[in-house]
Amino acid sequence: MKFGFVRVLLLIAALFVAIPVHAEQRNFFKIGVITELSGDLVTGGNITKRGYDLWAQEVNAKGGIEIQGKKYPVKLVYADAQSNPAAGAAAAERLITQEKVDFILGPYSSGVTLAVAPVVDKYKIPMITGSAESPLIWKNKFKYTFGTIPPINFTGATSIKTLTELKPAPKTIAIIGSNDAFSKATAESYKAAAEKAKLKIVKFSIVPSGQDMTPLLSAVRSMKPDVIAFGGHDEEHVKFVKALKQIGYTPKALLMHCGITDKAFIDAVGKDGDQIFGTTCWTGTAKTKSKVLWPNAAAYAAASQKAFNNPGDYTQGGCSAAGIAFQTALQKIGAKPGMDEATRTKLIQALEQIDVQTFYGRVKFATSGEFYHANVGLDPLTIQIQGGHVKTVGPKASVEAAAIYPMKEWKSR
Amino acid sequence: MKNRGATILAIIGAALLILPLVVHDTFVLRVLTEGVMWIGLAIAFDVIAGYTGYLNFGHGAFFGIGAYTIGILMMQANLPFWAALPAGGVAAAVVALIAGIPTLRLKGAYFAIATWALSRAIQQLALNVEFTGGPDGMRLEAFLNPQFFYYLMLITVGATFAILWYLLERAPFGLKLKAIREDEEGAKALGLNPTKLKMQSFVLSALPTGILGGIYAYWITFIDPSSTLGDLVSDQAVVMVVFGGMGTLFGPALGAILIFAFKTIFWAYLSDFQLLYLIILGALIAISVIFIPNGLWGTMFKRKADATRPQHQPEPASEPAALSAVAAPEEGN
Amino acid sequence: MMELLPQALTDGILLGGIYITIAIAFSLTYGVMHVIDFAVGEWIMFGAFTGYYLNKWTGLDPFLFLPVIFVLYFGVGYLIQPVIHRVLSGTKGNPFLMGLVFTFGLAIMFRGLALTAFGFYSNSIPSAFSEGSFDLEPLGLTVTIPTVRLVGLAYALAITLILHYLLKKTNFGLGVRALAQHKDAAGLMGVNSKRTGSYVYGIYVGISAMTGVLLGCILSIGAQMGNEYTIFAFFVVVLAGMGYLAGVPWAALLLGLVQSIFMIYFNPSHTLLAVFAILYIILLISPRGLFGKGV
């Protein structure tokens, strides 16, 4: 009996034991990484982690971030947001109060970002997310939160425009989006762009996440749209392509989003992935020039291929670029590790002012308006998968290859 | 024994109350706040599952309804938090009342799956209507005072615990519920009204859950269908209650503390092994079901309960003798 | 819109075929062992990955491996069943609930193992069947039937018929049915409940794993795919009447048709809302399923 109570008390006591925190005197930058390493969004979370890792690896290979002649290495401390906003907020609080990180590299999803942002605002710790791109984040105008990926409503219009410039020009479009925050916003941005481009929208549907969409696509087929556009995630992209193929309907153009630039998608659908269009703002062959870390996109893709056996997609690249943005701002104000509040405020000001060319393209954060603190320095790209490779087909300034259009019938591949 | 138990409870309670004065670490406070919340969710779940024997696989729906009620009232009707909070509990209780009438007629697996289907339907509804923000979720105005949320959570859960303790362990109500759990027909024969009692139990389970959901929403500042209306709350509550011991109040509380502590320690200090966490948690659940089917609490204190039973009959005299006999084997405190 | 109806019905029936394969063995297990196996989706997932890797290593069509996968997972199920049996026959606590929580734990563990072993990417299993489709245009119908889905339906019907034969025409089936009706009495009549239970669970795990390969060919595979199929397995089994095998094909077809009709004729966004609402309402009206024959 007595034993029982003692055990209970001991177990309760165990809860209260926190690993002691040392006063932070250090000669390296300690950076918190909050991302989804488990739960539903584990795929995206791990892609962001790769981006942050690769940046840290590259910085440390060069001896660290050079501040006033001295090099400070970086050390990443991870916290899993478990694809859950509450866990994300707790992760931020732990990294800030226990780990005493200098700044934070942020989550994959917009939902977790929205829960983390008030916490980093409260402690005045700068955060850049290399992935979250929901327009809602920027509308809330969090002072300490930045993002390197342009919002979806900023990128969506470009690929619709590229498609309308093809010959013979498509006239009708069916738009489908999965019912999650990101995919729905993607579909809505395509819709807005299509309306503007005077494409006739024959169907606009939002579907529950992860479902078999064959029946819906059968209905779409009967309307014979020239273009089918789809907003979804990796697994849904695979299902979508296979369903279209199974019902035997080949639109003149099939437009998805950036997920298709990931090698895993191309591997999964093989030759059926060919000639699918996508929207992105970075590819491994993008024409970028940079003086920081990687000289251009190709060098980054090669480094990523070496590290992860995957050239990396625009999410991963955006995360590495987030690191570069911090690095640039730190150098600019000459901040050393263990920053106090005044320095961090200066860091925010520096981030608002930076305008830097990276392997990812230009990084420049908006300081007002609906894209507040989102990167508006990039030009969105329309890409197409050609022979298993991602090729930029629009806008004109960035074209690598002519778009293949109309799409080759599934049957004759 | 009774006095010692009360003393220990009082000490723990007092320690929890003065804790924020000693601990200034806001992360530790946050963890404790969440831990307390899970205790509340687990004991509320156990009212219908453990005491009444109806496994509610949609417990998370009450949590989400509470969260969304507060979110909508605060952000769209501009009500202050204090005015919105009770509404969260009331909304959950009303849904329990309406859904309970038809659903509680089902038993066993059928009840479990019906509640699960209902909670899924509610989640889909939240994804498809405008006023919840759909898949984008909803952001609440941020009020990030760790002490405030710690005390609010502590007081809410403390009060819930005390009220449930009185109703379930001291008043005849708890025995009546257990009678239904053991033999619903028999309970009817004894003159009890199972329908009414089950309804009361369901509402009693929903009310605090809704309030906790409301506090959660204001505390975390962001809610969406997958985090508040998904399976997370239901799943965790089941695991905590089964691991701790069903049909008691201390069992689920203990289960909640241990599972949550395990989870948090793993999460905070072993984050490189996040997948290992899933494997260990799964294995832990499976193994505990095999070796301690009565839960930790039930296993630890079982011998004592059996030993003291003959000399010690705490049941109120007004209860039919047969009732106490049915309820007896599960009395574990 | 009416000209879409034949295609809507076809899509619904083909989708229903997929649900039959997910639910039929699940229902059998419930009928005999009274366990709601939360890990059903994870067995499907493991089967899918086994098929995926076998195809990758050998380059042979995944459908050729179905027997191998069945035998392999039959063995796994056969070996695991005694543990579940122990959980379910405990005198302590609530055995039904314990079975549920036990398999829930297994499901979490399996998902963790799969993420560790297979990574987090989604994938697809290529098959010769994934290529073509039948067009019924010449018959005056605007209906397309994807070959791979037709194969899926055929597989579903084959499994159903084989199970039916096993249950109705063999001694083993007699034992299973006796066990499903009355456990203790069956024991008295000389049915070895432990062994029969192990066979049944083995058959269920084997069939679920084979189904995984099929789903990988038709849809996609990933370490987290299980959960979704667990949902549909529940739906079909409950609608059919828990443990009532003959109800499964009808319930599965109904689910397929509801989804298909809803996606085509109503707001597709409300499809799952409709699915869960229907499940809930049918449970309230007729808890023992569409035919009132559940246990």
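In which sense do strands β8 and β9 of chain A pair, and over how many bridges? Keep that in mind as you open this predicted model, which scores ipTM 0.91 and pTM 0.90.

**Stop 1: a strand in chain A**

Select residues 172–178 of chain A, which form strand β8. Six of the seven residues in β8(A) are buried, so to see this mostly covered strand you may want to hide what surrounds it.

Now add residues 200–207 of chain A, strand β9, and the opening question is settled: β8(A) and β9(A) run parallel, joined over seven bridges. For a place to start looking, pick Thr172(A), which has Lys200(A) of β9(A) opposite.

Next, show residues 181–196 of chain A, helix α7. Together, β8(A), α7(A) and β9(A) build a β-α-β unit, and its hand is right.

β8(A) has another partner to visit. Select residues 227–231 of chain A, strand β10, which pairs with β8(A) over five bridges, again in the parallel sense. Here Ile176(A) is a handy marker, with Phe230(A) in β10(A) as its bridge partner.

**Stop 2: a helix in chain B**

Move to chain B and select residues 172–182, helix α7. Is this helix enclosed or open? Eight of the 11 residues of α7(B) are buried, so the rest of the structure largely encloses the helix. Colour the buried ones as an unbroken run: Gly174(B), Leu175(B), Lys176(B), Leu177(B), Lys178(B), Ala179(B), Ile180(B) and Arg181(B). While you look along the helix, recall that residues three or four places apart point the same way, because an α-helix has 3.6 residues a turn.

**Stop 3: all of chain C**

Finally, show chain C, with its 11 helices and two strands. Trace the chain from the N terminus and you pass α-α-α-α, then β-β, then α-α-α-α-α-α-α.

Zoom out for the overall form. The C-alpha trace of chain C spans about 60 × 50 × 35 Å along its principal axes. Its radius of gyration is 19 Å, in agreement with a compact globule, because 295 residues packed that way would give a value near 19 Å. Of those residues, 61% count as buried. Among contacts in chain C between residues at least 6 apart in sequence, 77% link residues at least 24 apart.

Then colour chain C by pLDDT. The mean is 88, and 99% of the residues reach 70 or more. Select residues 40–58, helix α2(C), for the highest mean among the elements of the chain, 95; residues 183–188, helix α7(C), have the lowest, 72.

Note on methods:
Residues are numbered from 1 along each chain as its sequence is written. Chains are lettered from A and ligands numbered from 1 in the order in which they are written. This is a predicted model: local features need pLDDT of at least 70, side-chain atom pairs count only at pLDDT 80 or more; totals for chains, interfaces and linings use all residues. Helices (H or I, at least four residues) and strands (E, at least two) are DSSP runs, numbered from the N terminus. The radius of gyration is taken over C-alpha atoms; the globule rule is 2.2 Å times the number of residues to the power 0.38. A residue is buried if 20 or more other C-beta atoms lie within 10 Å of its own, exposed if 12 or fewer, and partly exposed in between; C-beta atoms are placed from the backbone. Two residues are in contact if their C-beta atoms, placed from the backbone, lie within 7 Å. Two strands pair if DSSP finds at least two bridges between them. A crossover is right-handed if, with the strands pointing away from the viewer, the path from the first strand over the helix to the second runs clockwise. pLDDT is the predictor's confidence in each residue, from 0 to 100.
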